[in-house]
Amino acid sequence: MYFPIVAGVFRRKVGEVKAVDDVSFDIFEGETLGLVGESGCGKSTVGRSILRLYDITAGEISIDGAAIGQISGSTLRRMRPAMQMVFQDPQASLNPRMTVASIISEPLEEHTSLSPEDKLDRVGSLMDSVGLNRDFMNRYPHEFSGGQRQRIGIARALALNPRFIVCDEPIAALDVSIQAQVINLLEDLQAELGLTYLFISHDLSMVRHLASRVAVMYLGKIVELAPRDTLYESPRHPYTQALLSAVPEPDPEREAHRERIILKGDVPSPANPPKGCTFCTRCPKVMDVCRTVPPAPSLLGDGHEVACHLYPSGSGLGNETGTNTEA
Amino acid sequence: MTSGPETILEVNALKTVFHTRGGEIHAVNSVDFSLKRGELLGVVGESGSGKSVTMMSLIGLLPSPPAEIREGRVIFGGRNILGLSERELRTLRGRDIGFVFQDPMTSLNPVFTVGYQLMEPLREHMGLSRRQAAARAADLLDLVGIPDARQRLSDYPHQFSGGMRQRVMIAIALACDPKILIADEPTTALDVTIQAQILELIRKIRNQLGMAIIWITHDLGVIAGIADRVVVMYGGQIVEQATVAKLFAEPRHPYTQALLQTIPSLRGARNHRLNSIPGQPPILAFAPSACPFMPRCTHAFDRCANENPARWDLDESHDVACFLASNNGASSHV
């Protein structure tokens, strides 16, 4: 997914931001894939591209075997009910002038031909399933707390019985004591409805709790992808190692004696990424080759992929282009 | 309270009320705490728990109206600073108490260079000449780990990244060698790897400058890594106070216990299900006549609904506002 950089009065294209560059992964039915990374690494762009909220620059996306990367118009529209999204900021993603009932039933208006009574029924049962009192159907979003608003967003995403939901930082705007409530709800719904999630977050401990596999992104690329326990117990990419060591843990004893990898500097601009490996400017283990050749992902076994010159590609996992998603 | 290093700040029975169209909001209720020289006090709580309002009240940063500091004393440097004039407060804030806010972009002025904003307090409060101030400003940027400090003085805030801007804010707060630094969620807007850099910086300058720090955060992980002592706030009150080791090893307030259990761990066994705290934080529309945590507390009993528990000392460094603790023969705190 490349975004054009435009300048001048005539909005001439002067360059492009490779927000997501050459990313490939699969999501299996019923699982949760965690996608972690820092702000600006492209994780939200991946989520939005998969749902075709953006037109992708190159590559292919397939859901349930159907390629949706290049389709548009009514063909794409027919695919929409299967894939939904829960947004980060429940304040910004709910229209303040619509009642909860009209927010949740809007997808039903657009994609189904239910009668008004059936719609209200459906809204009521959706509100039950996300733990909202259905008597509050005619209230407005501002009358709800942050956690409840996020439940409204989840109910709306569930309205069309989707199979795949992209959760883009769904708990980042919530208080700690409310986060657990929303996470438990997402897990219950997954068990009940057999949902598949792409869970985008910067909270590594929450991702460990929720995801079965985890992908780590840095500056538009996936640098490491592994089953959860493998990633947290033996991270291989220097960035993943630094990221995990930077997460403060609620344990004073451990914090006092912990060895931290403190990365130097900031994330470079995605409009002008470094040549070679994008992490080479901050990597504590950087070698000469890293500054010139972008590392190809290599398979370390058991679904553990890492894109780093420290782990030369033996099997040669290939270098497919584009996003390939199966849900 | 313990003896040991001298107490440099003492807050007694602080009560702050906001006047709104819907009536009064009791944001801070009878808050007591003290700060010792060189200590890092962590203040933990969720949004609306009153942690920021408490600190803003101390140094007169709340606009009045709507805010009203209804009761309390804040003793700093041998006098009650709650009654000071705006002029005296300006001097106090410039020279004695430094402040770092959550969002560095909104607290830096975008139309002045970083050097100007750093030199302003130096010239105003320390009476330095332009040249002396420029030299000290460069030293300060260097202290907080900004490369090419001297050149960067003439840059504007937008030319710095988020982490670098927060370093600039810390440099400004440290400009006049304050005795106390109050940091309100200084790393919340930053990425984890940048947060790790800032925490490392704070550990370093703390040892170097020996000032006392009040660190406000909702992140228990951050607290575990840097604080000496912690107060936990809920519903505008302090519900528990202990040394950092004690608080994490033996939390006694049901809220602290529940909060520690809701955080998933980065290592070790995974809980099948997260422990969540049911319900919502309170809306502080009434002066509290019950324990603010009562509606969400799994241990609540009759007395909790009729009386707001006072803080009880469990030992000289640990107190808790809960009737369960007072039942076990602890003595009254205040």
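This passage describes the interface between chain A and chain B, and then one helix of chain B, in a predicted model.

The two chains meet through 39 residues of chain A, which are in contact with 45 residues of chain B. About 3,600 Å² is buried between chain A and chain B, and carbon and sulfur atoms give 54% of this area. On the side of chain A, the residues A:V176, A:R208 and A:H209 supply 16% of the area that the chain buries against chain B, more than any other three residues.

Polar and charged groups also take part in the pairing of the chains. Two salt bridges are counted between chain A and chain B. A salt bridge joins the side chains of A:D188 and B:R273, with a distance of 2.7 Å from N to O. In addition, 18 residue pairs are in polar contact across the interface of chain A and chain B. Several helices of chain A contribute to the side that touches chain B: helix 7 (176–193), helix 8 (204–210), helix 9 (228–233), helix 10 (238–246) and helix 11 (252–257) each supply at least two residues. The largest share, nine residues, comes from helix 7 of chain A. By class, the side of chain A that touches chain B consists of 16 nonpolar, nine polar and 14 charged residues.

In chain B, helix 11 spans residues 254–262. Seven of its nine residues are buried, so this helix is largely enclosed by the rest of the structure. The buried residues of helix 11 of chain B are B:P254, B:Y255, B:T256, B:A258, B:L259, B:L260 and B:T262.

Terms used:
Residues are numbered from 1 along each chain as its sequence is written. Chains are lettered from A and ligands numbered from 1 in the order in which they are written. This is a predicted model: local features need pLDDT of at least 70, side-chain atom pairs count only at pLDDT 80 or more; totals for chains, interfaces and linings use all residues. Side-chain values use heavy atoms; hydrogens and water are left out. Contact means heavy atoms within 4.5 Å. Buried area is the accessible area (1.4 Å probe) that two parts lose on being put together, summed over both. A salt bridge is a side-chain nitrogen of Lys or Arg within 4 Å of a carboxyl oxygen of Asp or Glu. A polar contact is a pair of N or O atoms within 3.5 Å; within protein, one must be able to donate a hydrogen and the other to accept it, and residues adjacent in sequence count only if both atoms are side-chain atoms. Helices (H or I, at least four residues) and strands (E, at least two) are DSSP runs, numbered from the N terminus. Ala, Val, Leu, Ile, Met, Phe, Trp, Tyr, Cys and Pro count as nonpolar, Asp, Glu, Lys and Arg as charged, and the others, Gly among them, as polar. Buried means under 20% relative accessible area, exposed over 50%, partly exposed in between (1.4 Å probe, protein chains only).
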